[in-house]
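Here is a friendly walk through a model you may want to turn around on your screen as you read. Please open the sequence and the coordinates side by side.

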Amino acid sequence: MTSLTRRAFLKSSVAASAAATVGLPVSKAVLAQAKTAEAGWAWDKAVCRFCGTGCGIQVATAGGKIVATKGDPAAPVNRGLNCIKGYFNGKILYGADRLTQPLMRMKDGKFDKKGPFVPVSWQAAFDEMERQFRKAYAEKGPAGVAIIGSGQYTIQEGYVAAKLMKAGFRSNNIDPNARHCMASAVAAFLQVFGIDEPANVYDDIELADSVVLWGANMAEAHPILWSRITDRRLAAKSTKVVNITTYRNMSSDLADLEIVIAPSGDLAVQNYLARELLARNAVNWDFVKKHCIFATGPTDIGYGMRPTSKFAYDAEKDIQAKELENTLDEAEAIGQRRKAGEKVAQKSRASAGAHWQITLEEFKRGLEPYTLDYAAKVAKGDPDEPMEAFKAKLVALADLYADMKRNTMSFWTMGFNQHQRGVWVNEQNYMIHLLLGKHGTPGNGAFSLTGQPSACGTAREVGTFAHRLPADMVVNNPKHREITEKGWKLPPKTLNPKPGSDIMGILRDLEDGGVKFLWVQVTNPFQSSPNANHWLKAAREMDNFIVVADCYPTLSGKVADLVLPAAMIYEKWGAYGNAERRTQMWRQQVEAPGEAKTDVWMMLEFAKRFRLADVWGEKPLPGLKDPAFPEGRLPDVLAAAKAMGYSPEQNLYEVLFATPENRKVAWPDPVAKGHGNATVKALGESWFVEKALFEEYAQFGRGHHHDLAPFDLYFRDDVRGLRWPVVDGKETKYRFVEGQDPYVKAGEGFNFYGGAFKAIPTGTLDGVTDPKPVPLPGKAKIFFRPYAAPVEQPDKDYDLWLCTGRILEHWHTGSMTRRVPELNRAAPSAVLYMHPKDAEKRGLKRNDTAWIESRRGKIRMVVDTKGRNQMPRGSVFAAFFDESLLVNKLVLDAVDPISRETDFKKCAVRVTKA
Amino acid sequence: MNLSGILVVVPPARLDAAITDLSTLPGVEVHHVDPATGRLIVVQEADGVEAEMAGLVAIKARPHVRLAEMVYHYFAPEGEES
Ligand code: SF4
């Protein structure tokens, strides 16, 4: 065949396969041709690597390489479609700048923090890593070492990392980038339901009459779910879509109602809605009385910034000071029934998550100020929109929610989660749905979507957070530690009861010298964390050792001391869990290039270098105050370990991972159908690491509301992932609902059985009146949470709001396929969206270069006044992905004080002509 | 060589106009059409990931296009890629 006819042949084959995949009629002859074109390819099911939607894909390999990918027609999530990011699933493995060998900063043949990167062997890399780890561990103890992990970890990677850190090194300093995207959702789930993760499923999209987006630009961030919403909207004429956002975006194109709100205006709007539901008697009292109680918590909780100005730049100090004392502005004062100008000491910073039961009357009293007038005044986001028009929109929104006949789904992502009051604003949405009795039933529910492919499956379910253990358990609960120690066969008191540093905490610890060894896995925190100038400097100038395992050179790799080449998605076995509790697995398809190795292998090899005697003796832990532990110390558990049959000379690989039980899970395994296993091969072992560790992990959840299916079931040809709890081989669609959820008994109707925070004190809006915890089995909590003003707002020096986020086609183009440009290169390639009048006022027009400056840094960007993101006057938007331009240098590192999640959505900047 | 099969959905009444319009885009060919539902399969040929994505964004931006998402992606094993 000539190349031209070969090309035409391939094109018609691609077309035929695509048509067949989405069910377009094609003739048998055409299909047969497509089969010929694909002769010699092996197709296997897998999962998309790029977002929390969790689309199923099919991967074709030939000659040891991936040659094609397609949407999986059998996958219920995406039914054969992929979004634009799907282009990377295959291609991502083959970028020209894949890392293929370890790189270490060296001078004169030795590690030198100031030296350039030099390729080294794995042996040399591990030797230096071990030396540096031991140094930090000897000097600072378990608190001096840290891992920053990921919502892109496979389940097994997260499990190995958490177990190695928590059980091996007895450090809770492991936190995922998911802290930056999902932590507020998690804390709200735990406070409201006592258990993490959504009750609803994607199937509800096709059943919804009203779809309300709150701070979720689904058209760009969740395109496949958006295509389902689009289909629903076009197929069922009565369906209404509402887009509540701080600027006009692509999701507005489909929306019947677009409501542009001011930053944090969502807090006021949701209280207005609740007030309306009560006023209109649209509350499902039967449901509320049977299954809910009312609750609230403190408001003087700070903003998650450092309590000291020691590390602040001069320009930052005024905002930082508000961490300890804030002055109420008028809107906040009204919303909290106080006086404007009142100075409020932020006394509840350490107990921000505390909460107590209140009466319905108190709940109503809390909502009282949230009239239409007040909510509209606080929340109106577009200064050019007439007040009456905005009010009419709020009323229309209330009409939709209050209509008992309409099935109502609310969706949110980062607009809610990345919020200084992210937990509150999540809880408010449950407040609305619980008042309506419309939660966790077909077509009705408040649904928290996730950004990353395994933020749910790994970061949350495995518990790779600084305070978590597997299956929703937490380190500071003695019972949970005991269960985990039993499961992991650890001596009592091996586990550290003090929550470690969250991701911002770890970066701050680098800056103040608290953490001296950091291992970054499957993420790029120096790019993706706010107030970046601080951490970039800390990485390069403090006495510390930073290891970055990645597949491409990223900014984090650039500021590291040692870069380890990692195997990617289909170069290893793995499992992800998506936003609807669907766990999906894939086989290794191809081999990683060069010396690149799986993260699991890296951790297991590292574990071999530490004996029990190194880690299970007495360890200093400054600040530890726990009645069961000596003050400031973790006890020596070696004697107890000996009594359990361990020798102090055994290494962590043998004790934690290659246990006698796990070694029984043999490799090769028929489930592999001839596929390879890079981890097992590199270890030179004959146990199936990923399967054994998955089964070990799954023990924690089975019988405890988190049941995962047996490993092999996920690989059965007719399975496209399963939504947990999977009991007796059957997945669960709706949680907490009788007849759907195996944990709800007949006659209960609903049972919000989650066990966390299920005994709380009693009080009023103003505080606790009776500290005795009252148990609330089976109940969900309807929280009153007031409006709180953003800690930094535009003023005369920094007069514009800055919001940051993602743009569809730029997803990962930086970190996955491009070389990292010079750190300080100010190539003005990224786009700053702004209102034409704001631009004009500053002498700017479209495509001009502008300086954008906050209290924390300054960068150059290109102005766009007409793009798909249309900003109201007073606000600008920048995408954070661009590696050549660190938008995060500008962003404030305030976090939600309960969830410790960063607010990337609101800080103040000024823009001038460059 | 990078080829992708893309599902495009347009209002059935605009099908002919959409076919003509899409065919003018560089590297884009319309292959299969379902007149009843307004669904089309187009094949796009592009040099690398950046061009493939830009191409799909361009398709999404065409008049009448309600939905355009990638279904099938074939890429030549060797040689190219930024
Ligand atoms: S929507 Fe998400 S999971 Fe689906 S193809 Fe796109 S990036 Fe992948």
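The report below goes from the ligand to the chain interface, then to strands and a few backbone details.

This is a predicted model, in which local features need pLDDT of at least 70, side-chain atom pairs count only at pLDDT 80 or more, and totals for chains, interfaces and linings use all residues. Residues are numbered from 1 along each chain as its sequence is written, chains are lettered from A and ligands numbered from 1 in the order in which they are written, and side-chain values use heavy atoms, with hydrogens and water left out.

## Around the ligand

Let us begin with the ligand. Its surroundings are Cys48(A), Phe50(A), Cys51(A), Thr53(A), Gly54(A), Cys55(A), Asn82(A), Cys83(A), Lys85(A), Pro223(A) and Ile224(A); a residue is taken as near a molecule if one of its heavy atoms lies within 4 Å of it. By type, this shell holds seven nonpolar residues, three polar and one charged. Here Ala, Val, Leu, Ile, Met, Phe, Trp, Tyr, Cys and Pro count as nonpolar, Asp, Glu, Lys and Arg as charged, and the others, Gly among them, as polar.

## Where the chains meet

Next comes the interface. On the chain B side 39 residues are in contact with 50 residues of chain A, where contact means heavy atoms within 4.5 Å. Together the two chains bury about 3800 Å², and 69% of that is on carbon and sulfur atoms. Within chain B, Met53(B), Tyr72(B) and Phe75(B) lose the most area to chain A, together 19% of what that side buries. Buried area is the accessible area (1.4 Å probe) that two parts lose on being put together, summed over both.

There are three salt bridges between chain B and chain A, a salt bridge being a side-chain nitrogen of Lys or Arg within 4 Å of a carboxyl oxygen of Asp or Glu. Arg7(A) and Glu45(B) form a salt bridge through their side chains, at 3.3 Å from N to O. Between the two chains, 13 residue pairs are in polar contact, both residues at pLDDT 80 or more. A polar contact is a pair of N or O atoms within 3.5 Å; within protein, one must be able to donate a hydrogen and the other to accept it, and residues adjacent in sequence count only if both atoms are side-chain atoms.

Which elements of chain B give two or more residues to the side that touches chain A? They are β1 (2–9), β2 (28–34), β3 (39–46), α2 (49–60) and β4 (67–75) of chain B. Of these, β4(B) gives the most, with eight residues. That side of chain B divides into 19 nonpolar, nine polar and 11 charged residues. Helices (H or I, at least four residues) and strands (E, at least two) are DSSP runs, numbered from the N terminus.

## Strands and their partners

Strand pairing also crosses the interface: β3 (residues 65–71) of chain A and β4(B) pair in the antiparallel sense over three bridges. Thr69(A) stands opposite His73(B) there. Two strands pair if DSSP finds at least two bridges between them.

Some antiparallel pairs from within the chains are set out here.

| Strand pair | Bridges | Source of the pairing |
|---|---|---|
| β23(A) and β24(A) | four | antiparallel |
| β31(A) and β36(A) | three | antiparallel |
| β33(A) and β36(A) | four | antiparallel |
| β2(B) and β3(B) | six | antiparallel |In chain A, three strands form an open antiparallel sheet in the order β23-β24-β27. The strands β23 (574–577) and β27 (722–723) stand at its edges with a single partner strand each, so one side of each is left without a neighbour in the sheet. Gly574(A) has Trp586(A) in β24(A) as its bridge partner. In β36(A), Ala908(A) is the bridge partner of Trp801(A), and Thr912(A) is that of Trp851(A).

In chain B, Val28(B) is bridged to Gln44(B) in β3(B). A hairpin is formed by β2(B) and β3(B), with four residues between them, and Gly38(B) in the turn has a positive phi of about 75°.

## Backbone details in chain A

Two prolines follow cis peptide bonds. The bond from Trp667(A) to Pro668(A) is cis, with omega near 0°, and Pro668(A) is found in the loop between α28 (660–663) and α29 (678–683) of chain A. Trp724(A) and Pro725(A) are also joined by a cis peptide bond, with omega about -5°; Pro725(A) is in the loop between β27 and β28 (759–764) of chain A.

Lys673(A) is not a glycine, yet has a positive phi of about 45°. Its side chain meets that of Asp717(A) in a salt bridge (3.2 Å, N to O). This pair links distant parts of the chain, 44 residues apart: Lys673(A) is in the loop between α28 and α29, and Asp717(A) in the loop between α30 (689–701) and β27 of chain A. Over all chains, the structure holds 79 salt bridges.
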